[in-house]
Structure formats: C-alpha cells, structure tokens
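Please follow the chain below from its overall make-up to its individual residues, keeping the sequence and the coordinates side by side.

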Amino acid sequence: MGHILVIDEADKAPTNVTCILKTLVESGEMILADGRRIVADPAFARGRPNAIVIHPDFRMLVLANRPGFPFLGNDFFGALGDIFSCHAVDNPKPQSELAMLKQYGPDVPEPVLQKLVAAFGELRAMADQGTITYPYSTREVVNIVRHLQTFPDEGLANVVRNVFDFDSYNKEMREILTSALHKHGIPIGAKPTSVHLAKELPLPECRLTGYWTTNQSGNPRRKLLCPTETRQTDVKGPMFLRVQRYPLERHEARALSFTEEQAHWQIPMNEVNIVCDVTTATDTIYVATCNPVSLYAMHVSGDTVQCMDLYDVFPRTISGVWQPFVTVAALGSPLQGQVVLHEEQSNAVLHLDVMSGAVRRIILSPEGQETPKNPSSWWSNKQDQGAFKMCREFSQKNWLVFYKENQNHLDVLDVLEGRAHTISLPINLKSVFLVAEDRWLLVESKTNQKFLLTKPMHMGAEDTGICQLHTITEDPISTGFGTTSGVELTVPCEVSRDQLPAENLGAALGQKIVSPNRVIADENNYATIVIGFPDLMSPNEVYSWKRTSPLAGSSSAKTIFTEGRQSGAVKQTNCVSLLRANQLIRAVPAGDVPLKELYPKDVLLASMGGGGVVTVDMGGYVRLWETGLDTLQRSLLEWQSMIGQEDGRPVQVTIHCFQVIVDKTTKQVEYSTGSKENTCAAVSVSFEITVERDSGLDVSSPKHGKIDHDNTPHVGGNMWAGGTGGRDTAGLGGKGGPYRLDAGHKVHQVSQAEKDAVPEEVKRAAREMAEKAFKDRLKEIHMSEYDASMYEKFSGAVKRQVQSLRVILDSLQAKGKERQWLKNQALGELDDAKIIDGLTGEKAIYKRRGELEPELGTPQQKPKRLRLLADVSGSMYRFNGLDSRLERSMEAVCMVMEALESYEHKFKILKEFRAQCSTCGTKSYPDYDIVGHSGDGFDIELVRCDKIPKNNKERLKVLKTMHAHSQFCMSGDYTLESTEHAVKEIAREEADEYFVIVLSDANLERYGISPDRFAQALTCNPQVNAFAVFIGSLGDQAVRLQRTLPAGRSFVAMDTKQIPQILQQIFTSTMLSSA
C-alpha cells in the first residue's frame, strides 16, 4: 500500500525548489541528495540497488496559500498548477464551522459560538472585497473558543482583542472591525454598567369599575339561538409564483449597551410600498404590504428574506381606483410555512405556500368574492362601506373567522379540512374577539352592546348545528346611598385569548386570587382585567387602569395624511398582550405619548413568543424587542458574561409589572428601549423623462436668458434660462444656446438634425460666450472659500471605498523583471555549482541570462505609472439627472485622490515633474495629475503636474472644475483620442507597471465610435494595461459595449462602491499574468 506525501505551505519555498517536484510528478523520477534515484518503471530498477520504485498507489497532496498579500508567497499555481488536480479550499460553511467549534468548546454557550461564526464570516467576505487586509481564518476562531473553554469567566469582548488588537493602531481599520463585531452582537468596548432600559412611567391606581353579567335565562332577546350552515369550500389553483430571496442585513442592537431591543433589519421594499400587517409563527415573521401586494417571510435569526410578489393577483391601480388592503395569518401543523392572506375590501382569501410559491384562492361563499367599489381615495369611505375582517387568534390550529362590519353573519374557515361554516346572527357586527375556541366576544355595531357566542347549553351542539348568543350586561359599581357610577360602553381594541397565570393576576390586582380572566385594552384604559370571564356565568368583576385622557381624543390617532390631504382612519389596531410576561403592549400615536418630544411614525406590532414583540414601521424597518422580566434578566446575565465584570459588583435592574414605556426613537411603543438608533432612511429614486420634439423655429444669437425665481418649467421659446427644448438660451435639449443649465425639469429634446442645422456664426458666438462663462466660473471657484459641507458630500460618500482602495494598494507587489542568471536550466552555460549533480545524471545543470519574475513581497524599485482619464463631456452633465453619472465620476476622482495621497512611492500618476532619492537612488514621485476628456479636447488638465491637491480645499477645486467643464464644454467625444494619447505617453518613461483607466459614460455610439476601434485603442501597447470603466449608461448601452470589448478590459460600475473591487480585479489580473 502506497503512502501519501503531504507538503504544506508549498508557496513559501522558492519556485526553483518547488520545481523539483515537477519532475517527480510529470516523469516519476527524482534524484535524492545521497545519490539514490526515484523511478516509476520497475524494469528500470532491476539490478540497480540505488533505484527506488514508486508504489502505484502513491499520492501527493500539496497545500499552498493564494499569492499576494498577506501571505506573500510564490505563485505556486502559476509554476506547477498544470500538473496537479487543483482544488480551491474555501473556509468551512457556517454550519460546519459551528459544529467544529462545539468540539473545541463544548461548554461555551451556543449563542456565543453563533455570534463568532457570523462575525468572522463577514470579516472574510470583507477581505475578499478588499475592505480589510487580513482574511481572518478559522484558526483565529478556534483560538478564541479554546480560550473561552479554558477561562469561562473572561468575557468574549476581552478575548477577541487578542486577535484584533494588532489592527487597532489604524483608526479606519479599527472602526471597520468594531462595526462588524457590533453588528453581530459582540460587545467589544462596552461596559457592564451600560444598561439602558426604558424609563418607567407610573400607572394610575387599579380600581374596580363594574361587573359583566352573562345572561342565560329571562328575556328571549338575551338568549338567542343562531343557525349554522356547513359546506365544502371551492379552491381555485394552484398557480405558482416566483419566490425571491434577498440578503437580510441583521444588526444586533446590544453592542455597546443593553436595551430591550434585540436586533433590527430593513425589508427590501420600495419606498412607495406600505406595510399593512405583521404576524408571527414560532420563529418566523410574516409582513404583508399593499402597494403592490407582497408577502415577506423571514426567520428571526436567518440571513435571507423571502418575498412573494402578488402583482398578478392584485394588479397595481392608479389613483381614484380601488387598491387592496391585506392582512395575513400564519397556519400551524401540518401546514407550517403556509399563510392565509385576506383582502379586506373584496373578501378575497388566498392560501399561500412561501416555500414553493403555490397560490390558491379559497371561495368562502357560493356567491364568490365581492367586487370592490371605487372610492375616491384608498383610505376614504371605510366607515361607510364596511370592510371584511379576519380573526386569526387560533390560526395555528388552522381555522379562521371572517365577518363584515355592519353585517349579521360569521364565516368559519377550516383550512385543513376545506370546510366553511356560516353562522347567522340577529345583530349587526362591529368587532369580533375569539376569547376561547368555543366562546367568542361580539360587539354590536350601533350600540356597542357586547354578546357572548357559545355552543348551545343543555343540548348536543354537534347534533343541532346551532350556536347560542348570550347578552352581556355591564353593571356599574355602587357608590353608596343607593347611587351607582355611570357605565360607558367602550369597544375593546384587543382581548387576550388566554388568561393571566395566577401569580401574575395576583401581582396585578394586589390580592391572592385564582380565577378565569381575560385582559382587555381599549382607548380609555391602559388595561382592563375581567375576573371570571368567559367561563363563569356569575357576575364578573372588572378592574381597570384608567387613562387621564382617551386615545381617541388625539387628532393624530384617527387620521393619516397622504399627498398633502387628510385620507381617513388607520386600519390596524396596534396592540398585543403578553400574558406570561404580565404585559400589555401598544403602539400609540405620537399625540398620545406623554412626552414633549414627539416623532410621528406608524408602527405595527405582533407578539414574538411569550416575552417579546416584533415591530415593523411604515418604512419596512423590523425590530425585535424583549420585554418579559424573566427573559430580560437571563439576557442581561448573558450579555454581562460576554463583557466580563470590571470589579465583580453585580448590576441590579428592577422592572415592575404593567409598565408604560415610551420609545425615545419612535415615540410610540409604550414598552420599548431608550436607544437612539435611527431608522433606515428610504432611498429615493429619480427618473428623468426626455421628450423628442421639433421646434420649427430658427436661432438668433446666444444669451443666458432671464432667471425665473419661481422655477416654472419652460418648454421651447428663447426667453428663460433653464428651459428645455428651446433655442438661444442656456438650458437643456435645445439648440443655439451658449451652455447647458439644468433646472430640474422634464427634458424636451430637439432632434439632432435641428442642432446640426444651426449656422456656424451662431455656433461661434455660442462658443465664445461659453468660454467667457467658463473663465468666470473658474475665477469664482478659486476665489471662494473652502466649503466643508460640499466636499463632505463627495468625500463622505466614498469614505469606506477610500479605505478599501488603500487596502488594495498595500497589497500591490513589484512586477518589473530584471535580467539575472537563471539557474537549473536545460540549456546555456555550465553552472559550476551543478557539476556533481551532472555526474549523477541531473540534466538541469546549466544557467543563462534572462528576465526573472520578482518574488512576491519584493520592494518596488520603480514606481507604477497610472493615468486616470475622467469623462467631463457634455453628456455627463446632460444625463446627470437621469443616473447621477457626473456625481459618480466626481466621487471616483475624489476617491482616487484621497486614496493615493500617501502612496506616491508605489504610483506615479502621469506627470512631468520628477525627483531623485539621495540615499538609494530610487525615484520618488510626490505629485500627479488627472486628465479629462470632452468635446473640447482629449488632454484637459484637471490637476497641474507641479501643484497637486494637498488638502480638501484644493481637491474640492478639482471637483468643481470637472462640474463646470461638463456644463460649458462643446458637444463631442474624444474618448478614443484620449485613450490612444494616454497609452502612448505613459510608456515613454521606465516604470514597474503601466496602467490607463478610462472613466466613460459609454455614450460612444452617438459619435460613431465603434467598439472595435475602442478595443484597438485599449490594446495598442501590450506593455500598458488599459481598462475602461463605464459609469453611465442609457438603458443597456454599457452592458452591450462591454460584451463587444476584449474580456477583462471593461467594467460597468453604476455605483461608486463597485470601483474599489474593479481596481482590485485590475491590479490582481496584472499581478497573476505572465506578460
């Protein structure tokens, strides 16, 4: 049986050493130092005692790191990769890594291991993207876990410093690492005393406010029998919709302080979409939206969110036409992962399978669903029409109740068995609450009278098929002297389906009591407990914590505003009860929060287990809250153990029952955190519409035009500045004007034929006026003071990208070849050091002069030369309102200037000024220039070669010059000439490597520049690595152009964040090439 030879860290050996393995692998022969020879042919070894025959089962495993920083090894794959079966071994999957870490730290809590796996997984992804330099491997995680296993009392935050303290000297790197660790809940930098739970507000005194009596006999009105009709439901479908999966950026909220908030993330929804409903099932959260109708499903600890777009079922409609409003209910076993979606106006009921994308329509009644009317607005006329409602208290048992406001029947749907039961009632309904499986609380629409619907008493309910309706009488308490207090009939907002445990009930009422009970929330009370309801028919005591003013008294509680007008009432009641935690939690309008500082934002609530809730605001921001006393205490101990105690003194936190807490961020959730984390701002998307038109009018003479202070859109004509499709004046899309001027309106574009027909004298006059305006603008730029806010707009947008680019520059290696003696050659001059090897039969005993690739890590003897060609043509300004291409170009130039500020020893960005180092003779280049190209020429100097920008003010001048030039330059394109000139000029001086990077908006087709000519310009000199980066595109213009250019020579970057990764690909491709 043959052995396996394992060679580790093969990239650390010089290439001439590892090449010895090449002979062994290719021909099966190798000469050892003692004169013995390894051979593969047994016949060749007969009679030769010094021959060693390779076993047929002999195998060789060679392990090597990838070339480049930070391993600084040789390119083993480039030298021997063709003779091995190569496999890229990536880091283990999260599940595999977690299982392995459990073996190293069996006593380390699993949540800690999960945080470590998630945090280090993101750090490795950041290393692949070039954001950080060192690719933190599993080795570091194993060391942390072993340390925690040996020293369990030392906090996780202190242990991870053993790995990351080396990078703490770099402020930017420290911020990146700390942010990544905080995102996954590793509290590095936190203190055990940083506990900021929500502030308590005292509740009023609990008072006995009345009695509820369920009547069983007497007046026939008080005991009514309700007939029930049972039928099979009709199901249409299924049809299958696409289930899209998006990455979920979950952020742990307990990074620097301990609060009730556990985690938060953003749902990938459009800014015009509206969140309708949220519900939960075990550890899964379902969010329904209605513009368009979509369903989002996510696991509380997952990293993806599933989305079902129901546009085909509920088409988007225009203003003034019905639009859907949906609620969602999660089903239970054996239908886990499936939900029922209910549309409140049409009574459409959909059965959705989030895993497979199956959609089925359930027909509740033989008449089918109703056709919605067309109200004047989405939210109006809700009270007049009456909406269909769904009761989902027992959806986990796969049955639901549907009713319509101001109607007199209930529909009970059994989803699993496919049956529907219709219960006819003698009253019109306002609301329904399922307080138990067989006992439902009904509220009459006009009188707010309460009824209890049960199975018939003293008869078999299964045989009769009818239900019994009991009147609930609300009696006041006696105030003495034969008088009673008044009774105000209120409509509950929430009624719990389960009862408070005996210990929680006693703590709330201040007395020892064991009795059935239900918790009720309404607009007049913080909470109400009905003792004995719904099981006991005797008078039930009602205890309340009364509000000083009802919630309905606030104007903001009832109305919302859309498009600047009042639009009606909010459709959802935001209230949940957590009976095991002894809490009632409500999201209240800003006007009803008892604090002066208000922040109005609608929030939807759903319970999450027994000790927490999940909230979703209208912007799609999801937050998990932990509110139960027991769960908070456990989480606090775990959080403090991750930090480690400073002085051993415990931190005492007291939380009382039935707190009323106000969120300092949303100002709505009554029990929430004091954290000041801002919600994620919605991203605005701009659209520019261009209308082609013919003016039919002649031009006269160019002028700026009058300034309209009201900024009214002007189309055609020759009077106003900033108009579109006109003539003579400064604007967009016209003809004969002196320069471009964007006022932010829809663009009306005259045809190219009209523009070409402008007389030459008018073009000449327009050009002279544009040059004068350009010079005036330059004077204004140089005379203005430094504007920090304007520069921060560009610098702040690329701050992270500057750090990524610097990481890439740190990893660059020397590439220039030098003529040296190449040893171990089969041809050439005899190497005196190889004479003995030649006597033993070695063939590679010669040497010859040649160019040798430098070893990785070798310092650069010559700088790399880079020319950046920035597109400052008129189309950049013209279409900036469409896709922000000019701003993207300015951000790219700002990023390059800032990133290359301290790397002049590695790069020389084409210039004329040169300096010589007095100590080693190595050339150093402390300045550079950046060249622009537009319709005015191919070599527009943006930075003087002997006056590079050294501070933010000077860099801001460069950006302003780019913007001004694109506004005032002539139409035309010199991308091709600029590229050819740059490739020719950059190779005039000796350097380590040559780079030309062309920033363009891909608008070449308009000027008759074919992709073949552009490709020829990029590849005209094999010594120069020329690349094109397209940062603007009309439609798929850039993508089509990229396909026709040589592979690897062009990139599309519609986001500045992509540019560092593109530069990394450019530098890495040249480093691994053999050119």
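Is cysteine 86 buried, partly exposed or exposed? With a relative accessible area of 41%, cysteine 86 is partly exposed, because a residue counts as buried under 20% and as exposed over 50%. Cysteine 206, at 22% relative accessibility, also counts as partly exposed. The structure, which is a predicted model, holds 0 disulfides.

Turning to the protein as a whole, there are 27 helices and 56 strands, and 49% of the 1075 residues count as buried. The exposed area comes to about 52,300 Å², of which carbon and sulfur atoms supply 51%. If one takes the contacts between residues at least 6 apart in sequence, 63% of them join residues at least 24 apart.

Part of the nonpolar surface can be located precisely, since Ile4, Val6, Leu61 and Leu63 form a nonpolar patch with about 380 Å² of accessible area together. Within this patch, leucine 61 belongs to strand S5, which covers residues 59-62, and at 46% relative accessibility leucine 61 counts as partly exposed.

The sheets can be approached through one open example, in which 5 strands follow the order S10-S11-S40-S39-S38 with antiparallel pairing. Strand S10 (251-252) and strand S38 (603-607) stand at the edges of this sheet, and because each has a single partner strand, one side of each is left without a neighbour in the sheet. Inside the same order, strand S39 (residues 612-617) runs antiparallel to strand S40 (residues 621-626), and 5 bridges join the two. Threonine 615 is found opposite arginine 623 of S40.

Another set of pairings is built around strand S33 (residues 540-546), which is mostly covered, with 5 of its 7 residues buried. Strand S6 (residues 207-214) pairs with S33 in the antiparallel sense over 5 bridges, and leucine 208 stands opposite tyrosine 543 in S33. Strand S32 (residues 525-531) likewise pairs with S33 in the antiparallel sense over 5 bridges, and here threonine 528 has serine 544 of S33 as its bridge partner. The loop between S32 and S33 contains serine 538, which is partly exposed with a relative accessible area of 40%. Although serine 538 and threonine 213 are 325 residues apart in sequence, their C-alpha atoms are 6.2 Å apart in space.

How many of the 7 residues of strand S55 (residues 1024-1030) are buried? The count is 7 of the 7, so strand S55 is largely enclosed by the rest of the structure. Val1024, Ala1026, Ala1028 and Phe1030 point one way from S55, whereas Asn1025, Phe1027 and Val1029 point the other way, and all are buried. Strand S54 (residues 994-1000) runs parallel to S55 and is joined to it by 7 bridges, with valine 996 of the one having alanine 1026 in S55 as its bridge partner.

A closer view of strand S12 (residues 275-281) brings in threonine 279, which lies in that strand and, at 10% relative accessibility, counts as buried. Leaving aside residues up to four places away in sequence, threonine 279 touches Thr284, Ile285, Tyr286, Val328, Ala329, Ala330, Arg392 and Ala606. The loop between S12 and S13 holds threonine 282, which at 68% relative accessibility counts as exposed.

The backbone deserves a separate look. Most residues other than glycine have a negative phi, and most peptide bonds are trans. Threonine 282, however, has a positive phi of about 55° although it is not a glycine. Aspartate 728 also has a positive phi, near 75°, and lies in the loop between strand S42 (723-724) and strand S43 (731-732). With a relative accessible area of 0%, aspartate 728 is buried.

Which residues are joined by a cis peptide bond with omega of about 15°? They are glycine 237 and proline 238, and proline 238 is found in strand S8 (residues 234-240). A cis peptide bond also joins asparagine 291 and proline 292, with omega of about 5°, and proline 292 lies in the loop between strand S13 (284-290) and strand S14 (293-299).

Key. Residues are numbered from 1 along each chain as its sequence is written. This is a predicted model: local features need pLDDT of at least 70, side-chain atom pairs count only at pLDDT 80 or more; totals for chains, interfaces and linings use all residues. Side-chain values use heavy atoms; hydrogens and water are left out. A disulfide is a pair of cysteine sulfur atoms within 2.5 Å. Buried means under 20% relative accessible area, exposed over 50%, partly exposed in between (1.4 Å probe, protein chains only). Two strands pair if DSSP finds at least two bridges between them. Helices (H or I, at least four residues) and strands (E, at least two) are DSSP runs, numbered from the N terminus. Patches are made of residues with over 30% relative accessible area and no salt bridge: like charges are joined within 9 Å, nonpolar side chains (Val, Leu, Ile, Met, Phe, Trp, Tyr) within 5 Å. Accessible areas come from the Shrake-Rupley method with a 1.4 Å probe; for residues, only the protein chains shown count as cover. A salt bridge is a side-chain nitrogen of Lys or Arg within 4 Å of a carboxyl oxygen of Asp or Glu. Contact means heavy atoms within 4.5 Å.
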